[in-house]
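Me: I have a structure I've never looked at before. Could you take me through the terms used for it and show me how each one is earned?

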Amino acid sequence: MNDVPDEITVQHDGSTVLACLTGEIDHSNTPAILEYLREIGQNRTLIVDLTQTKYLDSAGLAMLAHLRHATDLRLRVAQDSIAGRVLSISGLDQIIPTDTDRA
Amino acid sequence: MGVRMDDGLDDRFRLALDSILDLVVVERAVRDPSGRIVDFEIVWMNNAPVDVAGRSREAMIGRRISELYPVLAGGELIAGYRDVVESGEPLVVPVMPYSDVIDGREVSGFYAVQATRFEDGVLVASRDITAWETSRIDLEVALRELEAAQRLARLGTWRVDLTAGKVELSAELQRMFGLPALASGVVETTALGAMIHAEDRAAVGRANGRAINTRRSVVLDHRIVRGDGEVVDVRTYTEPVVSEGNVVGLWGTMQDISEAIASRDALDIEHLRRLAAEALAGLASSLSSATSRQDIVDAVFASAPHLGNYDRVVLALFESDRQTLLQFYGGARPSGEIAARHLVSPLDADTPLARVVQDEVPLFLADRDAQTASFPSLRADMNAAGMESVAILPLHRAARTIFGALTLAWETPRDVDPMTRATLHDIAAVVAPAAERLELRDLERSVAQALQMGLLALDLRSTSAVVRARYRPSDSGLEIGGDWYDAVELSDGRLAVAVGDVVGSGLPAATTMGQLRAALGITAMQSKDAAEAINILNDYASRVPGAQCATVSFAIVDTEHRAISYASAGHPPPLLATPDGTVTYLEGARSWPLAIDVPRDRPAAANAELPPGSLVLLYTDGLIERRAEPIDNGFARLKRVVGEHWNMPLRRLKQAIFAELVDATTSLATDDIALLAVRTAGISPFLFVEILHADPAEAAPCRHRLRSWLENMDMSDEQRDGFLVAIGEAVANAIDHGSKRDRSQIIKVEVAARRDDLVASVSDSGRWQPGIDGYFTGRGRGHLLMQALTDDVEIDTDHQGTIVTLRHANHKRSV
């Protein structure tokens, strides 16, 4: 298994794995994050927690769209956060099950 | 660069000139022992296939005009060239008939010739206008024949000016009415009305009313009473003259039918043919003054009432790639969707148009059924377009190559009989030379601009300053001028920038300009300061023909020491805007123009402080000088406009300067203009400027600095996060698409905090085609995010790269 990218903290709970993305997700780090999440999400339910994410751009959206085909993907976002808005603008929150934390 | 060959031409000029269809010849004066010019010798010529006897350029270079064209020996043209050399005044011969015997063969044709002084000789551009001139002569002959035919057929034409109450009668008609021959042929309408047979006056009045109300032609047989009392049976055709939607007159023909009533059908055809001939002559004359493709289709459409009553005109011309046709519409335009689909039509699709330009034969489709039977896949578009009969005629250049097609269409089915076909061919025959003339004009223009762009390309990879420049030729058209700019990064990271102006215009000025520009570029690298560079350039300029009185403004921008060193030789002073918004002219170190004899030393270079985020503008006098106004007005105007827009991204600043200093102050720019703007990188309260390498790893640190700068702005956290993502998308696009992740490419990020909004621009040096299938389709989501997270998105591509400009409104700057 690859090294854990700096931006990710992971918790396992049975067949579910929770990956919390902190910091900024842009096209300089999405290739590494995608590869890592795809590996830990294999044959499991993968919850990607974006509540701590400070920056998410279209490269991040493309990564989540790819990940959806590789694993049983769910997302957590904070209401009114940049990640939440970007997901909702792209419509990706309509096709990936997304829980919104209300502040 | 600037290497002087025997023919005095730069390599790139030679290459560019070779792509022009016209013949361009450099000729050197040949003098007799007394120094008098007796002949000219061809030094160089381009590869245009225009020689009258079809000789190759290898066979012509090095030979004299008198031996190449025997009939010209000792003649007016050589005398004219001599005058050009001696006076410097260009020679223009719009139509030169030429016939000669070359190698035992008779040759002849018509040429348009222009000669300008070039070195010790002339630069001659000539064009074969034989086809155009021949058709013009044919037309004149046809009109003379028409007059003769009128006499034979006892048929005359008339024209009523409704506003003036006058009637103009042709010579034959004056004879028919038994009027004494009038010089003008103009009589009062009332006087003519009295000569209509009393019992027929009401019918004639009704017929005229019908022609005015329906705007269609009306035919009426009636009687007139000649001056000598004789009653004559006539047939009158009446046509309304429509101008800007109003009927302003009537015109038509009147024929004595008392002897010829039996040949009714022949008469109708004859009449229509004459109407068509006259309308065609009118069309040819309005086409000769057309300055755009739209003018051409408008003129063809306006001629419809007399030339086939078509309801729509479409002119389709090859784009320069020769793969697509660009279309221009006369009359009702097709609906938006159809127009969008066919405005640019590819040749590989099976459309009627593509078929005509490929087969080079006309296509006539009698009605909708014929259209859809021949082109079933286009059924929906054809039904939506609402046209029944369609005629498509290929358009050929004088050299017989195809370059487009003319479509005429009718809303009602129409039998395209042989006579109509002949008329349609005639229309195509007058449209083709008009369209070709515009094609040549555009080609010359684009060649001249390509030359200028080649000479003025900036390839700066400096990360210490953003540089943008613009050259705008004068509105006089084809000329390339002597204004220039340059920016060179020196080995120690300093940046040398210059703007200059060479006396004169055209190719000679551009050649001199290229030499000075190259010389200054090299000089800059070896000089300790701006004044020394100007001195070295001055020494060089005094040895370059044509460089006398050239002016230049030169500056060395040192971002590390936050300083600028500058000097101007006869040139308007640079303008400086520091990041507190203060705007001042840099008026030090001014001296006289280059290469003139002044027995004094030029002043030492002047220096000024240059805090990060400063703006320096160099420009030529065309930007500020206006006729009939003191030049101080121009200086004040430039200072005011820069004061208002100083922190805007450079592209916007440049647009504002040209809009307010050029477009708003003059309808016709008589001088060319060069403008160069430099902005040093740095962060100041109202301006954020950073220059990155095209490396994804540089995006995040830049974003962090931008975030802290934005934290001083009056905006919510959400707005700030959104604006950052939008700018980040633009940066990511510039790295991936604009620079193809080539780290040596640079990306410029400029953000201005203005009173009511924030304006950010992200630019790269990428070259791609704008258009629907362009830049952003690969990152559709990125474009969507920019749109959703800002108030305005603008994407522009020009020869210097692509710029994305993003605006966040409702920001309040805390001052």
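Reply: Sure, here are the ground rules, followed by salt bridges, burial, the core, the interface and one loop residue. This is a predicted model, where local features need pLDDT of at least 70 and side-chain atom pairs count only at pLDDT 80 or more, while totals for chains, interfaces and linings use all residues. Residues are numbered from 1 along each chain as its sequence is written, chains are lettered from A and ligands numbered from 1 in the order in which they are written, and side-chain values use heavy atoms, with hydrogens and water left out.

Me: Why is the pair B:Arg720 and B:Asp717 called a salt bridge?

Reply: A salt bridge needs a side-chain nitrogen of Lys or Arg within 4 Å of a carboxyl oxygen of Asp or Glu. Here the closest N and O atoms are 3.0 Å apart, so the pair qualifies. Both residues sit in helix H20 (residues 717-738) of chain B, 3 residues apart, about one turn of the helix. By the way, a helix here is a DSSP run of H or I with at least four residues, a strand is a run of E with at least two, and both are numbered from the N terminus.

Me: What makes B:Arg720 buried or exposed?

Reply: Buried means under 20% relative accessible area, exposed means over 50%, and partly exposed is in between (1.4 Å probe, protein chains only). B:Arg720 has 6%, so it counts as buried. Its partner B:Asp717 has 56%, so that one is exposed.

Me: And what about B:Asp757 and B:Arg754?

Reply: Their closest N and O atoms are 3.0 Å apart, and they form a salt bridge too. B:Asp757 is buried at 5%, whereas B:Arg754 is partly exposed at 24%. Salt bridges that share partners join these two with B:Asp792 and B:Arg807 into one network.

Me: What makes a group of residues a nonpolar core?

Reply: They must be buried Ala, Val, Leu, Ile, Met, Phe, Trp, Tyr or Cys residues joined through side-chain atoms within 4.5 Å. The largest one has 60 residues, and A:Leu37, A:Val48 and B:Ile727 touch the most other members. Its largest share, 9 residues, comes from H20(B). A:Leu37 has contacts (heavy atoms within 4.5 Å) that include A:Ile8 and A:Leu67, not counting residues up to four places away in sequence.

Me: How do you know how much area is buried between chain A and chain B?

Reply: Buried area is the accessible area (1.4 Å probe) that two parts lose on being put together, summed over both. For these chains that comes to about 1,700 Å², with carbon and sulfur atoms giving 58%. In chain A, A:His27, A:Tyr55 and A:Ile89 lose the most area to chain B, together 36% of what that side buries. The contact takes 20 residues from chain A and 24 residues from chain B.

Me: How many salt bridges cross that interface?

Reply: The rule finds 2. In B:Arg703 with A:Glu24, the closest N and O atoms are 2.5 Å apart. Over all chains the structure holds 35 salt bridges.

Me: Last one: why is B:Leu458 called partly exposed?

Reply: Its relative accessibility is 25%, so it falls between the two cut-offs. B:Leu458 is found in the loop between helix H14 (418-456) and strand S18 (465-472) of chain B. Among the residues B:Leu458 touches are B:Val467, B:Tyr485 and B:Arg517. The C-alpha atoms of B:Leu458 and B:Gln800 are separated by 7.9 Å, although the two are 342 residues apart along the chain.
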